[in-house]
Amino acid sequence: MTRHDDRPALARRSFLALAGGAVFGLAACSPQTKSVAVPEPAGALPTGDPPPGTRLTVAVRTARLQLKPAGLEKELPFTVTEWPNLSAGPDIIQGFRAQSIDLATNAGIPPIQAEAIGVRAKIVGVQVRRYPLYTFATAPGSSVTRAEDFRGKKIGFSQGQAQGVVVLRALKEAGLKNSDVELVALPSTQFLTALQSKQVDVAPLGEPTLTKYLDQYAKDGARGVRTKVVDLLTVLWAPNEVLNDPAKAAAVRSFVPLWARGQVWAWENPDEWIDTYYVKDQGVSKEDGRRIVDSLHKPQFPVSWDEAVAWEQETADLMAEGGFVPEQKVAHLFDRRFEGLAAEAVAAEYREGS
């Protein structure tokens, strides 16, 4: 079939376009790269605090902003050498490969993408969201008002990030095939520019980016098109090299509960979080910050990862069906030695499956 023949070419082009040279470096990984040979983490997790002098580079920006006001920073039993302001999956994967990032947070798709190109890493923390996190923003003047209108349109598509899977799921729910639209390969950081210039007709945006975009362009006919597509997982993950180092593994183990507790603090202290994150860090108004926070749901951390593993497998299958990654089994992407640590650290109302 023509569609089957076209998909691998699209996958190669879109993946190389995700983040310029950084992703090109990832795509160039061969089976002989060092990361492929790294052994699987095994054995019991270290107990107690990591030894003095343990250091991690942690790309979890929200945690950086939450721990101090929540009074949790003093509980970190290791030194965070740097908090890189990176969140895009391709950037994190490159950081893992370069051994410049030890721990990060992403959606479920980057671990699948990393596995596909030989960067070995494991999920060590899981949060679930059962509500849509992304809204499809339209270019100014677009006639799109619902997902079914995507047929024949240019859609911003970042296959190595959550937004890419949201696009694929939205098309599927609307009864459309990938070939019914033009997937324009871009990193999510370029979605705004692509919408403004009408390089794409539609692109998925999360908050607070969506609010900032619509504040500027709604007057020109831009709108947000909501779907029921849920991106279930937010994960903490770390390279195998980190988890094979007893000191760093102990540090990761100590960070997981603080990550969960920091998010609970943000939920329970919305005014301070709005000022700290949305206003001072993200540059939106206090009113918009309040509206965004009011649209959210309280954080949930599952005791069991069974559903998360099943969801991740469904996502991997969807990506493989589109020709974007090889078929793969994803259960081994979860380091279940960490299972339940986040859930145990929070009150019952923030815990699923207790």
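Five strands build an open sheet, in the order β2-β1-β3-β10-β4, and the pairing within this sheet is mixed. Strands β2 and β4 (121-128) lie at the edges. Each has a single partner strand, so one side of each is left without a neighbour in the sheet. From one strand to the next, the twist averages 35°. The model that shows this arrangement is a predicted one.

The chain as a whole contains 15 helices and 12 strands. It comprises 354 residues, of which 54% count as buried. Among contacts in the chain with a separation of 6 or more, 81% come from residues 24 or more positions apart.

Strand β1 covers residues 55-59. Four of its five residues are buried, and the strand is thus described as mostly covered. Its pairing with β2 (residues 79-82) is parallel and spans three bridges. Within this pair, R55 stands opposite T79 of β2. The connection from β1 to β2 passes through helix α4 (residues 61-67). This β-α-β crossover is right-handed. Strand β1 also pairs with β3 (residues 103-107). These two strands run parallel and are joined by two bridges. Here V58 of β1 faces L103 in β3.

At the β4 edge of the sheet, the pairing sense is antiparallel. Seven bridges link β4 to β10 (residues 233-239). One of the paired positions is K122, whose bridge partner in β10 is A238.

Strand β5 (residues 135-138) pairs with two further strands, β8 and β9. In a regular strand, side chains alternate between the two faces of the sheet. In β5, T135 and A137 point one way, while F136 and T138 point the other way. All four are buried. The pairing of β5 with β8 (residues 202-205) is antiparallel and holds four bridges. The pairing of β5 with β9 (residues 224-225) is antiparallel as well, over two bridges. Residue A137 takes part in both contacts: its bridge partner in β8 is A203, and its bridge partner in β9 is G224.

Several loops carry backbone features of note. Most residues other than glycine have a negative phi, and most peptide bonds are trans. The bond that joins E207 and P208 is cis, with omega about 5°. Residue P208 sits in the loop between β8 and α9 (209-217). Residue Q99 is not a glycine, yet its phi is positive, at about 60°. It belongs to the loop between α5 (89-97) and β3. A positive phi, near 65°, is also found at K198, again a residue other than glycine. The loop that holds K198 runs between α8 (191-196) and β8. With a relative accessibility of 51%, K198 counts as exposed, because the cut-off for that class is over 50%.

Helices α11 (residues 246-268) and α12 (residues 270-279) pack against each other. Their axes are 5 Å apart and meet at an angle of about 105°. The two helices are therefore roughly perpendicular to each other, since angles of 65 to 115 degrees fall in that class. On the α11 side, the contact involves W265, A266, W267 and E268. On the α12 side, P270, E272 and W273 take part. The residues of this contact comprise five nonpolar and two charged, with no polar ones.

Helix α12 also contains D275. This residue counts as partly exposed, because its relative accessibility of 33% lies between the cut-offs of 20% and 50%. Residues D275 and S285 are 10 residues apart in sequence. In space, their C-alpha atoms are 9.0 Å apart.

Residue D288 lies in helix α13 (residues 286-294). Its relative accessibility is 15%, so D288 counts as buried, the limit being under 20%. Leaving aside residues up to four places away in sequence, D288 touches T211 and D215.

Note on methods:
Residues numbered from 1 in each chain as written. Predicted model: local features only at pLDDT ≥ 70, side-chain atom pairs only at ≥ 80, totals over all residues. Heavy atoms only, no water. Buried < 20%, exposed > 50% of the residue type's maximum accessible area, 1.4 Å probe, protein only. Pairing = 2+ DSSP bridges. Right-handed = clockwise from strand over helix to strand, strands pointing away. Axes fitted to C-alpha atoms, helices over the stretch in contact; angles between N-to-C directions. Parallel < 35°, antiparallel > 145°, perpendicular 65-115°, else oblique. Contact = heavy atoms within 4.5 Å. Nonpolar A, V, L, I, M, F, W, Y, C, P; charged D, E, K, R; others polar.
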